[in-house]
Amino acid sequence: MSNPRLLVVQNDAEDDARRLGDWLTDAGADLHVVRAHDGEPLPDDLTGYRGLVVLGGAQPAYDVDGEPASPWFPRLRALLREAVATRVATLGVCLGGQLLAGALGGRVEPASSGPEIGAFLVAKRDVAETDPLFAMLPFTPDVYQWHVDEITALPPGAVLLASSPRVPNQAFRLGDRVWGIQFHIECDVAMLRSWAASDDGSLARAGLDAEDVLARCAAVEDDVEEVWRPFAERFVALAAGRLSGRGIPLPVVNQ
């Protein structure tokens, strides 16, 4: 079986695929990265792709004053709806997960508890034990958080897979091949340091010291890879047709 071709959408110059991209490539995926933030056009549809990965960014996933926060977001939302409807393996990361939720009828708003930044644990829900990607994760995997908005309502038919006391909707699945995560798994400490350097005041609002945050992130960098590299490998296997969704029912999608 040929290597699955994945469309990777980069929404922000400071959030590339980084370690996640390496893990996907090492697992046999052929990545086609579209740097939408740099003006590269998104495809009209997902023809020829076996998977879609949507990365994070500093923009809000919701419209601002009636306009999308980035001009390519309407096309990207359409691609996300197509992915769910046509069962293209999909992973939305942080902003990507929020865009997925909003495109399918969920809601994204400013986080009620303020910015969530640093190294954290999230907790799997019981239903995650039957999920093709999440079943093999530890009960409380290490993740990186760096966001000021949150998904306050999941799309109709979405299955909540992971949560935390501060941000309840940390990971969800639509159908059997589409996932959204609120947290980051792609980062290395160099990327996180660049975010701290360009911080817009979120660290101060959260009462955090940048160097302390970065030290805590560095302490779990290997743990993040230990957990999420195999996750990325399972995603590639699913995109390639080597891993089954175990008969999970599909949601109804209005494109």
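## How two helices meet

How are H1 and H7 oriented to each other? This is a predicted model, and in it helix H1, covering residues 18-26, packs against helix H7, covering residues 221-239, at an angle of about 45°. The two axes are 9 Å apart. H1 and H7 are therefore oblique to each other, since an angle that is neither roughly parallel, roughly antiparallel nor roughly perpendicular counts as oblique. The crossing of H1 past H7 is right-handed.

Which residues make this contact? On the H1 side they are Arg19, Leu20, Trp23, Leu24 and Asp26. H7 contributes Glu221, Val224, Glu225, Trp228, Arg229, Ala232, Phe235 and Val236. Sorted by character, the residues where H1 meets H7 comprise eight nonpolar and five charged ones, with no polar residue.

## A closer look at Arg19

Arg19 is a good place to pause. This residue is found in helix H1, and with a relative accessible area of 10% it is buried, because buried means under 20%. Leaving aside residues up to four places away in sequence, Arg19 touches Tyr144, Glu186, Cys187, Asp188, Glu221, Val224 and Glu225.

One of these neighbours deserves a second look. The side chains of Arg19 and Glu225 form a salt bridge, with 3.5 Å from N to O. Arg19 lies in H1 and Glu225 in H7, so this pair ties together parts that are 206 residues apart in sequence. While Arg19 counts as buried at 10% relative accessibility, Glu225 counts as partly exposed at 25%. The pair also belongs to a network of salt bridges that links Arg19, Asp26, Glu225 and Arg229.

## Salt bridges elsewhere

How many salt bridges does the structure hold? There are twelve, and two further examples are worth finding in the model. Asp63 forms a salt bridge with Arg77, their closest N and O atoms being 3.4 Å apart. This pair links distant parts of the chain, 14 residues apart: Asp63 sits in the loop between strand S3 (51-54) and helix H2 (73-86), and Arg77 sits in helix H2 itself. As for their surroundings, Asp63 counts as partly exposed at 40% relative accessibility, whereas Arg77 is buried, with a relative accessible area of 15%.

The other example joins Asp176 and Arg87, whose closest N and O atoms are 2.5 Å apart. Here the partners are 89 residues apart in sequence, and each is in a loop. For Asp176, that loop runs between strand S11 (171-174) and strand S12 (178-181). For Arg87, the loop lies between H2 and strand S4 (89-93). Is Asp176 buried or exposed? At 5% relative accessibility, Asp176 counts as buried, and Arg87, at 36%, counts as partly exposed.

## A covered helix

Let us finish with helix H3, which spans residues 95-103 and is mostly covered. How many of its nine residues are buried? Eight of them are: Leu95, Gly96, Gly97, Gln98, Leu99, Leu100, Ala101 and Ala103. Following H3 comes Gly105, which has a positive phi, near 105°.

How values were computed. Residues are numbered from 1 along each chain as its sequence is written. This is a predicted model: local features need pLDDT of at least 70, side-chain atom pairs count only at pLDDT 80 or more; totals for chains, interfaces and linings use all residues. Side-chain values use heavy atoms; hydrogens and water are left out. Axes are lines fitted to C-alpha atoms, for helices over the stretch in contact, and angles run from 0 to 180 degrees between N-to-C directions. Helices (H or I, at least four residues) and strands (E, at least two) are DSSP runs, numbered from the N terminus. Angles under 35 degrees count as roughly parallel, over 145 as roughly antiparallel, 65 to 115 as roughly perpendicular and the rest as oblique. A crossing is left-handed if the near helix is turned anticlockwise from the far one by less than a right angle, and right-handed if clockwise. Contact means heavy atoms within 4.5 Å. Ala, Val, Leu, Ile, Met, Phe, Trp, Tyr, Cys and Pro count as nonpolar, Asp, Glu, Lys and Arg as charged, and the others, Gly among them, as polar. Buried means under 20% relative accessible area, exposed over 50%, partly exposed in between (1.4 Å probe, protein chains only). A salt bridge is a side-chain nitrogen of Lys or Arg within 4 Å of a carboxyl oxygen of Asp or Glu.
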